[in-house]
Protein chains: 2
Amino acid sequence: MPVAKGSSLDPARTRAEMLRAASLVFYQRGLDGVGIAELCASVGASKETLYRHFGSKDGLIEAVLQARSDRVNAWIRAAAEAAGDDAVARLTAVFGVLGQWYSEPDFRGCAIVNAATQRHVEPARTIVARHLDRYLELFTEIATTAGVADPARVGRQLLMLLEGATVLADHHGLGQAAAEDALAAGLLLLKG
Amino acid sequence: MPVAKGSSLDPARTRAEMLRAASLVFYQRGLDGVGIAELCASVGASKETLYRHFGSKDGLIEAVLQARSDRVNAWIRAAAEAAGDDAVARLTAVFGVLGQWYSEPDFRGCAIVNAATQRHVEPARTIVARHLDRYLELFTEIATTAGVADPARVGRQLLMLLEGATVLADHHGLGQAAAEDALAAGLLLLKG
DNA sequence: TCTTCATCGAACCGATCGGTACGATGATGA
DNA sequence: TCATCATCGTACCGATCGGTTCGATGAAGA
C-alpha cells in the first residue's frame, strides 16, 4: 500500500516533515508566496493535521524560523569549534562554511532575516534578534581570543561583515567571493 | 469645497503623490501588506487613476523602488561630495548620514533590499543590483582616493559594512551605534 | 473485540485581493 | 457653447487565502 489512510506514521515524523517542506518553500518563495493548501498537498497531509500541529500559519512560520535558527547556529558553531582554539583559524572556518552556503544554487540570503523583513511582527522580530545574538556571542568570543582592545565592538563589526556579505552574495551574485572579501576584512579587524 | 470631483490638479502631481504614499506604506508594512484599494483611499484617488498611471501593482512597486533608489543615491552622494576630497572625510560623512537614518523611529532597513526579499522577480532583483552598484561605485572611488592596494575589493568590503550595519540597526536596535562601528571598521580598511 | 485517536480528503466559509467597467462630475480648450 | 478628458466612487468579477467542519478510514491499546 502506498500511504495509509488512518494514522500513517509517527506523528512527530509527520510534524518534522511538514517543518522541512515549509522551511524550503518559505525560503524560496516567501512567507506569503505559498498557501497552506499547497503546502499540505506537497507533503501529502491534510490541513487538519497541520493545524493540530501548529495552530495557525503564523505558528508554523514561527516553528520554521526557530528550527532554522537552531540548525544554522549549530552548523556555524561546529565549524568554528572544529578549527581549534586559534582565533584566525576559527574566523577562517566560519567564513569558509558561509562561502559554501553562498555558492549553493538556491541560496537566497538569510532566511530568518528575510522572514523578519516580510512580517514586521513580534515573534519574527524576537527570533531574528536572538539569532543575531548567537552570532554575536561567537564573534565576540573570537575577538576576545584574538586579544583585541574592544572585543564587543569587534564582534559587532564581524557580524556586520557576515550580514553584509550575505546581502551581497544574494543580490550581487558574488557567491564565494563575498565570503573571501569579508574574511579578509575580518582578519584585519582581529589584528587591530 | 474640499476636493474637486473632476480632474483635480496636475496629473503629474497626483502621480507623485501616489508614489510618495505608496513608498511610505510599502516600506512600513511590506509589499503584500497593503492593498490597492487602501492605498488609493489614503491619497483620495480612485483605482482607475492608479492603474492608468502605473498599469499594475507590480508597475507601481517598480516605480516606487526606482524612485527610492534614486533618492537614496542622491542623498548619500551629496553627503560625500560635501565632505570634500579627502577619503576619510568622505567615508565619515557617508556613515554619518547613515547613522541619522538608522536613528529615525520608523527605520526598517533598506527598502530596496527588503522589497527584493519579498518579490523574487526580475524587476526587483534588477533594481536592487543597480542600487548596490551605485553604492559600490562610490565606495570604490573612496578606496581609490585613499590609495589602498585593491580598491575594488575594499569597495566591496565597505559596502558589506554598510549593508551589515543596516541589518543590525534594523534587527538589533543598534541605531546610530551601528554606523559608528561600521565607520571605525571602514577606516581601518582604508588604512590598509 | 471495542474504543480511542490521528489522519485524509473534500466541502465549505467569510474575507480580501488585484483588476475592470461604468455612470456622473467637473475642468480645459476649441 | 460644446466636446474632450481626467477623475471619482461604486459596484462588480474571479481567484485565492487562512481556517473550520465532517464523514470515512485505519492503526493502536484496553
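## Two chains and where they meet

Across the interface of chain B and chain A, the rule finds six salt bridges. Keep in mind as you look around that this is a predicted model. Why do such pairs turn up at all? Side chains of opposite charge can pair when their charged atoms come close. For an example you can find yourself, look for Asp181(A) and Arg153(B): their side chains meet in a salt bridge, with N to O at 2.9 Å. Polar contacts join the two chains as well, and between chain B and chain A the count is ten residue pairs, both residues being at pLDDT 80 or more.

Now let's see which parts of chain B do the touching. Helices H1 (11-29), H6 (111-118), H7 (122-146), H8 (151-171) and H9 (176-191) of chain B each supply at least two residues of the side that touches chain A. Which of them gives the most? That's H8(B), with 13 residues. Sorted by class, the residues on this side of chain B come to 20 nonpolar, eleven polar and eleven charged.

How big is the whole meeting place? In terms of residues, 42 of chain B are in contact with 42 of chain A. There's another way to put it: the size of an interface is often given as the accessible area lost when the parts come together. Here the area buried between chain B and chain A is about 3600 Å², and carbon and sulfur atoms give 65% of that. On the chain B side, Met160(B), His171(B) and Asp181(B) lose the most area to chain A, and together they make up 20% of what that side buries.

Next, zoom out to chain A as a whole. Its secondary structure comes to nine helices and zero strands. Measured out along its principal axes, the C-alpha trace of chain A spans about 60 × 35 × 30 Å. Salt bridges also occur inside this chain: Arg77(A) forms one with Glu81(A), and their closest N and O atoms are 3.9 Å apart. Both residues lie in helix H4 (residues 57-82) of chain A, four residues apart, which is about one turn of the helix. Over all chains, the count comes to 22 salt bridges.

Finally, go back to chain B and see how two helices pack. Two packed helices are described by the angle between their axes and the distance between the axes. Helix H3 (residues 47-54) and helix H4 (residues 57-82) of chain B pack at about 65°, with axes 8 Å apart, and H3(B) passes H4(B) in a left-handed crossing. Who meets whom? From H3(B) come Leu50(B), Tyr51(B) and Phe54(B), and they meet Lys57(B), Gly59(B), Leu60(B) and Ala63(B) in H4(B). By class, that contact has five nonpolar residues, one polar and one charged.

How values were computed:
Residues are numbered from 1 along each chain as its sequence is written. Chains are lettered from A and ligands numbered from 1 in the order in which they are written. This is a predicted model: local features need pLDDT of at least 70, side-chain atom pairs count only at pLDDT 80 or more; totals for chains, interfaces and linings use all residues. Side-chain values use heavy atoms; hydrogens and water are left out. Axes are lines fitted to C-alpha atoms, for helices over the stretch in contact, and angles run from 0 to 180 degrees between N-to-C directions. A crossing is left-handed if the near helix is turned anticlockwise from the far one by less than a right angle, and right-handed if clockwise. Contact means heavy atoms within 4.5 Å. Ala, Val, Leu, Ile, Met, Phe, Trp, Tyr, Cys and Pro count as nonpolar, Asp, Glu, Lys and Arg as charged, and the others, Gly among them, as polar. Buried area is the accessible area (1.4 Å probe) that two parts lose on being put together, summed over both. A salt bridge is a side-chain nitrogen of Lys or Arg within 4 Å of a carboxyl oxygen of Asp or Glu. A polar contact is a pair of N or O atoms within 3.5 Å; within protein, one must be able to donate a hydrogen and the other to accept it, and residues adjacent in sequence count only if both atoms are side-chain atoms.
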